[in-house]
Every structure is written in C-alpha cells, then in structure tokens.
Amino acid sequence: MHDGQAGIVLQSWPRFLPAPGLVRHMIESFFSFHPHANRLFHQSTFLASLAYPPTHPNFPSTAVLHALCGVGSMYTAAIPSSELPGHGFMPDYEILQERYRDNGHIESFSETHIKFARREVEHSFSHGLRLLEAQQALMLIAWWYWCNAKWVYLTVGQIVRACFPFGLHLSSHFKPLIDGVMPASLLPPPEDGLDDEIRRNLFWLAYTLERLSGCGNGWPMSLDDEDVSQLLPVHETNFALGISWPDASERQHPFSKDVLLTHYPGQTDSFGLYVKATILLSRVRTFNLRYRSKRFCEDEATMYSVKYREHWEGWVSDNEEDPRRTAAFMELHRIAQSFRGSFPHPMQDPMASGTIDPHLFVASVVPNVALILLHDPHAHIESNYCQSAANLLRASRSILELLYGADSSSFDLSLLDCFCSFAWYAAGRTLTRFWQAALQVQAPEQANTFRTEVEYIQSALLKVGRRAPLAREYMVHNA
C-alpha cells in the first residue's frame with residue numbers, strides 16, 4: 001500500500017478502532033486460536049475483505065471488527081501501552097454511563113472493544129443494517145461474556161431468538177404451512193452455496209452456545225428442539241473450499257432417524273459431532289426440565305414401565321415416580337452411553353494427531369456430562385448397589401481421563417471450548433461427593449484417591465483460569 005492509499009484508508013478508518021495493523025493482528029490471532037473461528041467466518045474470504053477500503057460495502061462491519069479486537073486480544077500480548085485505558089485510548093464519549101461504572105474500575109482493551117461492538121450491534125439491529133454481521137458480532141460478544149464469567153444468558157437468548165426472523169433455524173424441507181404477514185426471513189436470499197453454509201454454521205454456533213453455556217443453570221432455553229429443522233453443517237473440507245454438499249436431500253437434519261448415532265461417510269467431521277453432542281445434551285436438559293409437566297400430561301414416554309422395575313437398583317422397588325423407569329430416560333441413557341463409540345474410527349481419539357481437535361474433544365466429553373446430568377438427581381452415593389451412583393463415577397472418571405490426556409500434551413488447555421471448564425467442574429463436584437462418602441465410612445485409601453482426582457481438576461481449572469476467568473469461578477465453587 002503506497003503512502004497516498006494509506007492516507008486515504010486512515011482518513012476513512014472507523015473512528016474508535018485501533019490502527020489497521022493492530023486490528024489485522026487481532027483478527028489473525030482470533031483465527032489462529034479460537035476453536036470456532038473457522039466456522040463463524042470463512043477465513044480466506046474474510047481476510048480478503050480487509051483489503052477493501054473501509055467505505056467499501058464488502059469491508060467488514062465495525063461491529064465485527066470491534067468484537068474481533070475484544071476476543072482476539074485474549075490470545076496475544078501485543079497490545080501497545082498507548083492503546084490501553086489511561087494512556088490516551090479512551091474515546092471522547094462513554095458507552096457505559098458513569099453511574100453504572102464500578103468505583104476505580106479501569107476497562108481493559110478487550111472490555112472496551114466488546115462494549116463498542118455491543119453499541120454497533122444495537123445500531124445495526126435498530127436500523128436493519130448488515131444484520132447477518134451484527135449476529136456474528138453478537139456471537140463474539142457472547143463468547144467473550146461466557147469466557148469472562150459475565151452475564152451471558154440474556155445475550156445468548158437474544159442471539160437465538162434472532163434466528164427466527166432471520167430464518168436461520170429452518171431448512172427448506174420443513175417450512176411452516178403459513179408464514180403470517182411477515183416474510184420467512186428478514187435476510188435476503190443467500191448469494192451462493194458459501195453464503196448458505198455460513199448462515200447454517202452461524203445458527204449451529206448459536207444453538208450450541210445456548211445449550212452448552214446453559215448447563216450451569218436450570219433455566220429454560222430460548223429455542224425448542226422441535227422448532228429446529230436446519231441441516232447439519234457441511235464437512236470442513238467443503239466449507240474451506242466454499243462449496244456446499246451437492247444434494248441437500250442426502251444431508252442429515254435433527255429429525256433424521258437415529259441422527260445422533262448415525263454418521264454419514266464424507267459428511268461427518270469433528271464440528272458435526274460437536275453439534276450432535278450438543279443436541280444430545282439439549283435433550284437431556286429438556287428431559288430434566290420438563291419431566292414433571294410431561295408426566296402430569298400423561299406423556300407416554302414419561303410413564304412408569306414395569307420392564308425397568310429392577311434395572312437401577314439391587315432390590316425390587318415399585319416407585320412409579322422414579323424417572324429412571326421411563327422409556328424417555330432409558331433412551332437418553334442408551335444414546336449417551338453409545339454416542340462416543342459410534343464415532344467413525346479415525347475420530348475416536350481427539351488427541352490422535354498429536355495435538356487436540358477442540359470440537360472432537362468436546363464431543364467426547366459431552367456424553368459423560370449428559371450421564372452426570374441424567375443420574376445426579378437419583379444417585380445414592382453411599383449405596384454400593386445404586387446404578388446411578390456407578391454411572392456418575394464412571395462418567396466423572398471418563399472426563400478426568402480425557403483431561404489427563406489433554407494435559408499431558410503440549411496443547412494449551414485454555415484454548416478449548418469454555419464448556420470444558422464446566423465439564424471438569426461437574427466431574428470434580430461428583431468426585432467430591434464420593435470423597436465425602438469415603439470419609440464417612442472410613443475408607444482412607446479410597447478417600448485419598450478421590451482427593452487426588454479432585455485436586456488435579458482444581459489445578460487444571462486454575463491453569464485455564466489464567467486466560468479464562470470462567471474456569472476460576474468453577475474452581476472456587478469446586479473448592
């Protein structure tokens with residue numbers, strides 16, 4: 001770029017963005033280290049768009065660039081002191097009014113740009129401008145909130161609810177019989193196959209974010225699984241090449257028969273398994289949240305079945321209120337137990353390549369978390385005959401085994417999906433219960449084993465917490 005062109009770019013450069021070189025560095029850091037970067041954006045296309053002048057319609061939106069600065073700065077130390085609050089960077093207007101600011105609080109570079117991004121997103125939504133990019137920026141904001149243990153529930157809800165008017169949750173095979181007075185989508189039709197796949201990825205990233213971040217609470221989700229008919233994501237090779245699967249009718253969707261345990265050759269990759277794992281987790285959460293209301297309505301799947309009478313305990317019980325003695329529970333238990341074993345052989349081990357595939361790692365962890373969520377309300381830890389307790393112990397130690405493998409590699413654990421911190425916390429909390437039970441029955445060897453396992457999980461959370469404050473919060477709760 002010659003001096004004249006550089007001067008034009010700088011004159012039109014968005015007012016509160018850092019210098020172009022620093023923005024580029026933040027974006028490259030994001031693509032290098034964030035586990036979902038190459039699914040939220042098509043990397044080569046996005047990087048090429050940075051070559052346009054800021055006034056060009058194909059130049060990335062300011063909302064996206066601010067959000068990328070906020071998230072990308074988490075993966076690099078290359079922030080000049082002149083760009084930090086208190087060193088001349090703070091803008092001449094305030095996004096956060098003074099009365100809402102904590103006494104003595106100094107915003108970091110990352111926090112400042114997330115707030116700029118939020119302001120730009122609201123402007124885009126209120127004026128109906130660049131809506132798809134605003135949704136992408138809001139995804140980045142929500143990831144930042146989650147990683148930093150901020151209030152994420154409402155932001156994720158906004159993202160997921162926006163998928164309805166944008167038509168991101170639907171495939172053409174399952175359009176409603178009537179659309180009403182509003183168009184099926186506020187977005188224009190996709191320009192090509194790549195644009196279509198970017199939108200599909202955006203929906204599944206929003207879906208997985210809500211389901212995974214919501215595991216730590218018992219609040220309802222913003223989107224019902226029965227309203228999701230979007231095709232599953234295309235294989236990463238197709239997406240990188242910018243092409244869609246040639247025949248959409250051959251692709252899986254959430255209504256496909258046995259979708260969680262059937263994986264089509266040529267279409268299955270780690271991101272697809274990550275999405276399927278999240279669908280499984282969503283079904284488990286829905287069962288726990290809605291079991292009593294469905295049973296009240298005499299839903300057949302939630303009614304007591306005599307054939308499961310002796311399955312879960314070592315003695316006969318006629319407790320018809322036990323959710324484990326229902327077809328719905330047994331089906332979820334079966335899928336969770338079989339899920340990882342159903343993976344194609346090359347994808348059985350998320351660390352087989354010498355590094356870690358973040359999507360495959362989460363897909364391997366999720367079925368164990370699903371088993372913990374299923375069995376935790378029904379487990380009698382002190383009983384040697386309780387099968388729910390046995391399932392809790394096996395699932396927790398399976399999570400711990402994956403953590404051992406990941407920690408023994410050269411991979412930085414803080415680069416994994418934030419959900420991993422919750423999974424380790426869930427395993428640690430469960431093992432703590434067994435540790436306490438061992439102390440009560442005066443079994444010192446078992447107690448020492450459980451103590452060692454819990455302390456190992458705490459050390460991993462502390463290590464990850466140096467970059468991701470969410471892990472530190474879980475470590476405190478697990479102490």
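What volume does the second largest cavity have? In this predicted model, where local features need pLDDT of at least 70, side-chain atom pairs count only at pLDDT 80 or more, and totals for chains, interfaces and linings use all residues, the figure is about 140 Å³. Residues are numbered from 1 along each chain as its sequence is written, and side-chain values use heavy atoms, with hydrogens and water left out.

A word on how such spaces are found. The search runs on a 1 Å grid over the protein atoms alone, and a cavity is a set of points where a 1.4 Å probe fits but cannot get out. A pocket, by contrast, is an open set with protein on both sides within 12 Å along at least five of seven lines, and lining residues have an atom within 4 Å of a point. Points are joined across faces, edges and corners, and the volume is the space filled by probe spheres set on them.

The second largest cavity is lined by 14 residues, with Leu232, Pro233, Gln252, Gln267 and Thr268 closest to its centre. Its lining splits into six nonpolar, six polar and two charged residues; here Ala, Val, Leu, Ile, Met, Phe, Trp, Tyr, Cys and Pro count as nonpolar, Asp, Glu, Lys and Arg as charged, and the others, Gly among them, as polar. In total, four cavities reach 30 Å³ or more.

The largest cavity comes in at about 220 Å³. Around it sit 21 lining residues, and Tyr75, Cys147, Leu416, Asp417 and Cys418 are the ones nearest its centre. Two elements, α7 (131–147) and α15, give two or more residues to this lining; helices are DSSP runs (H or I, at least four residues), numbered from the N terminus. The largest share is that of α7, with four residues. By class, the lining of the largest cavity holds 15 nonpolar, four polar and two charged residues.

Turning to the pockets, the largest one has a volume of about 900 Å³. Its lining counts 28 residues, of which Asn58, Leu132, Glu133, Glu191 and Asp195 lie nearest the centre. Helix α7 turns up here as well, alongside α4 (43–49) and α9 (193–213), as an element that gives two or more residues to the lining. The class split for the largest pocket is 17 nonpolar, five polar and six charged.

The second largest pocket holds about 650 Å³ of space. Of its 26 lining residues, Asp225, Glu226, Arg283, Thr286 and Lys294 are nearest the centre. The elements giving two or more residues are α9, α11 (270–296) and α12 (327–338), and α11 gives the most, with eight residues. That lining divides into 15 nonpolar, two polar and nine charged residues.

Next, the helix pairs, starting with one that involves α7. Helix α5 (residues 62–72) packs on α7 at about 20°, with the axes 8 Å apart; axes are lines fitted to C-alpha atoms, for helices over the stretch in contact, and angles run from 0 to 180 degrees between N-to-C directions. That makes α5 roughly parallel to α7, since angles under 35 degrees count as roughly parallel, over 145 as roughly antiparallel, 65 to 115 as roughly perpendicular and the rest as oblique. The α5–α7 crossing is left-handed, meaning that the near helix is turned anticlockwise from the far one by less than a right angle. Ala63, Val64, Ala67, Leu68, Gly70 and Val71 of α5 meet Glu133, Ala137, Leu140, Ile141 and Trp144 of α7, with contact taken as heavy atoms within 4.5 Å. Nine of these residues are nonpolar, one is polar and one is charged. Glu133, on the α7 side of this contact, is also listed among the residues nearest the centre of the largest pocket.

Helices α14 (residues 387–407) and α15 (residues 419–440) come within 9 Å, axis to axis, and cross at roughly 130°. The two are therefore oblique to each other, and their crossing is left-handed. On the α14 side, the contact includes Leu392, Leu393 and Leu400, while Trp424 and Phe434 are among the α15 residues. By class, this contact has eleven nonpolar, two polar and two charged residues.

Finally, α6 (residues 109–127) and α8 (residues 153–166) pack at about 25°, their axes 14 Å apart. They are therefore roughly parallel, and this crossing too is left-handed. Arg118, Glu122 and Phe125 of α6 make the contact with Thr155, Gln158 and Phe166 of α8, a set of two nonpolar, two polar and two charged residues.
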